[in-house]
Amino acid sequence: MSAQIPVSSRAANIEYAIRDVVVPAMALEAQGHEIIKLNIGDPIAYPGLPTPPHMVDAYAKALREGHNGYSPSYGLPALRSAIAEDERRKGWPARDEDVYVCHGVTEALQLIFAAVLETGHKVLAPGPHYPPYMAYPQMYGASTVEYRLDDDDGWKIDLDDIASKMDDDVRLLVLINPNNPCGTVCGKEDIDALLQIARSYPNCIVVADEIYDGLDFTGRQVSVASLSNDVPVISLNGVSKVFYAPGWRIGYMALHDPSGRLSLVRDGLERLLRSRLCASTPAQLGYLAGLTSDRGWMEEYKQRVVRQRDYCLARINEIEGLEVEHPGGAFYMFIRLTDPHWSKDDKAFVLGLLEEEHVLLVHGSGFSPRLGKGHVRMVYLASEEVLEVAFDRIERFLQRHRKG
Ligand SMILES: Cc1ncc(COP(=O)(O)O)c(C=O)c1O
């Protein structure tokens, strides 16, 4: 091989477990095997949960009517306004100008990290967590420190662990609610306590990733911004999960700045937003249709997700070698592997299951090497018939490899 042009250490260190396991799955598919993929949190990958037709129509109409140009960098005014109204319904006085439309929450995260982090700064994020919270901060010389979600107590946030890890270098304190990968829902009491901790650190912003807020099955989910009268909060949300259109790549950040501390960060974010032009214009119009139309359909979708969750919980209860904490939201289960052979090496379990039974899950250590290990994440959006086959195969695999 010729001498290679060096890759940056930033890029060479990036891992994204959810998609990394797709590589061996594709190799098996190339050999003609059919894989049951329960790895990706994309509702469209599972038949039966399509993007609602009125949203698709609005997107298509936008294309046909020539809305194919750039939009304003912060988002279409009508969409910013509809989002602000939605956030106000969640309990805080969002103004249109507090809302910035992005290419999904993932772009919003990159912009927030770029606007806030310097060398030596820290992001305090739940462990386990959605991988970009770990992957991106290092690009700015910062690091991600994890606070513990308690796997013996429904993956509840460990407030003492947060308090013990806070210092002046923690510039972003992240709450994902409901949580990916555990499905935990955090209620008012814990959020109040988290804000109480953040209150002592004047340079700390709370990042509230609420992208699964419409998939709360407990009724306990509450907007972090709605509970803060002083601590700055950036709320994140979008079209991907609750509106079932992740491929549109539309999301937003909304800045709640009750004590007037975000002027410089806001200016930095606006500069970054202008420099990357804008989010997709027709997709914004599709999202607008979703926000401004009747949302009765969401309840029906949610009921299906809940039924499938209950089916999975019942199956897991019957299978020796698996345990799970009851997820209260989102569409993930973070399943504990109780056999010491697998709990020591969850990736070997995922790769073995894929190879032998053609079922694809994600290894828990991909969501946190320390706090996620010994687990696997399952997306339970596939139909009950598909889930039934998947669990039969998982059970067979566990039996085949049981020691003693
Ligand atoms: C917690 C969390 N935040 C953000 C995202 C991605 O959001 P978007 O599609 O808007 O980039 C995901 C996707 O799985 C997620 O789980």
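These legends go with several close-up views of a predicted model.

**View 1. The largest pocket and the residues around its centre.**
Let's start with the open space that has a volume of about 520 Å³, the largest pocket of the model. Its lining is made up of 28 residues, and those closest to the centre are Tyr16, Thr106, Tyr130, Lys241 and Arg249. Helix 2 (17-20), helix 6 (104-116) and helix 7 (132-135) are the elements that each give two or more residues to this lining. Which of them provides the largest share? That is helix 6, with three residues. If you sort the lining of the largest pocket by class, you will find 15 nonpolar, six polar and seven charged residues.

**View 2. The second largest pocket, with a contribution from helix 12.**
Here the space comes to about 380 Å³. Look for Asp213, Gly214, Leu215, Val242 and Met298, which lie nearest the centre among the 22 residues lining the second largest pocket. At least two lining residues come from each of strand 8 (233-238), helix 11 (281-292) and helix 12 (296-318). Helix 12 gives the most, namely four residues. The lining of the second largest pocket holds ten nonpolar, five polar and seven charged residues.

**View 3. Serine 280 in the loop between helix 10 and helix 11.**
This view moves to a single side chain. Helix 10 spans 263-275, and serine 280 sits in the loop that runs between this helix and helix 11. A polar atom of the serine 280 side chain is 3.3 Å from the backbone nitrogen of alanine 283. Which residues does serine 280 touch, leaving aside those up to four places away in sequence? They are Tyr59, His103 and Ile250.

**View 4. The largest cavity, lined without any charged residue.**
The model holds two cavities of 30 Å³ or more, and the largest cavity has about 60 Å³ of space. Among the residues lining the largest cavity are Tyr147, Leu149, Trp155, Ile157, Leu175 and Ile176. Also in this lining you can pick out Asn177, Asn179 and Thr184, as well as Pro126, Val185 and Cys186. Strand 4 (143-150) and strand 6 (170-176) each provide at least two of the lining residues. By class, the lining of the largest cavity has nine nonpolar and three polar residues.

**View 5. The second largest cavity and its nonpolar lining.**
With a volume of about 30 Å³, this is the second largest cavity. Its lining consists of Leu322, Ile335, Leu337, Phe349, Leu361, Val376, Met378 and Ile394. These eight residues are nonpolar, with no polar and no charged residues in the lining. Strand 11 (332-337) and strand 14 (375-379) each supply at least two of them.

**View 6. An open sheet of four strands, with helix 12 packed on it.**
Reading across the sheet, the strand order is 10-11-14-13, and the pairing is antiparallel. Strand 10 (322-324) and strand 13 (362-363) are the edge strands, each pairing on one side only. Between strand 11 and strand 14, the antiparallel pairing runs over five bridges. To find your way along this pair, look for phenylalanine 334, whose bridge partner in strand 14 is arginine 377. Helix 12 packs on the sheet and touches strand 10, strand 11 and strand 14. The direction of helix 12 makes about 5 degrees with that of strand 11.

Notes. Residues numbered from 1 in each chain as written. Predicted model: local features only at pLDDT ≥ 70, side-chain atom pairs only at ≥ 80, totals over all residues. Heavy atoms only, no water. 1 Å grid on protein atoms, 1.4 Å probe; cavity = no way out; pocket = protein on both sides within 12 Å on 5 of 7 lines; lining within 4 Å. Points joined across faces, edges and corners; volume = space filled by probe spheres on them. Nonpolar A, V, L, I, M, F, W, Y, C, P; charged D, E, K, R; others polar. Polar contact = N/O pair within 3.5 Å; in protein donor to acceptor, adjacent residues only side chain to side chain. Contact = heavy atoms within 4.5 Å. Pairing = 2+ DSSP bridges. Axes fitted to C-alpha atoms, helices over the stretch in contact; angles between N-to-C directions.
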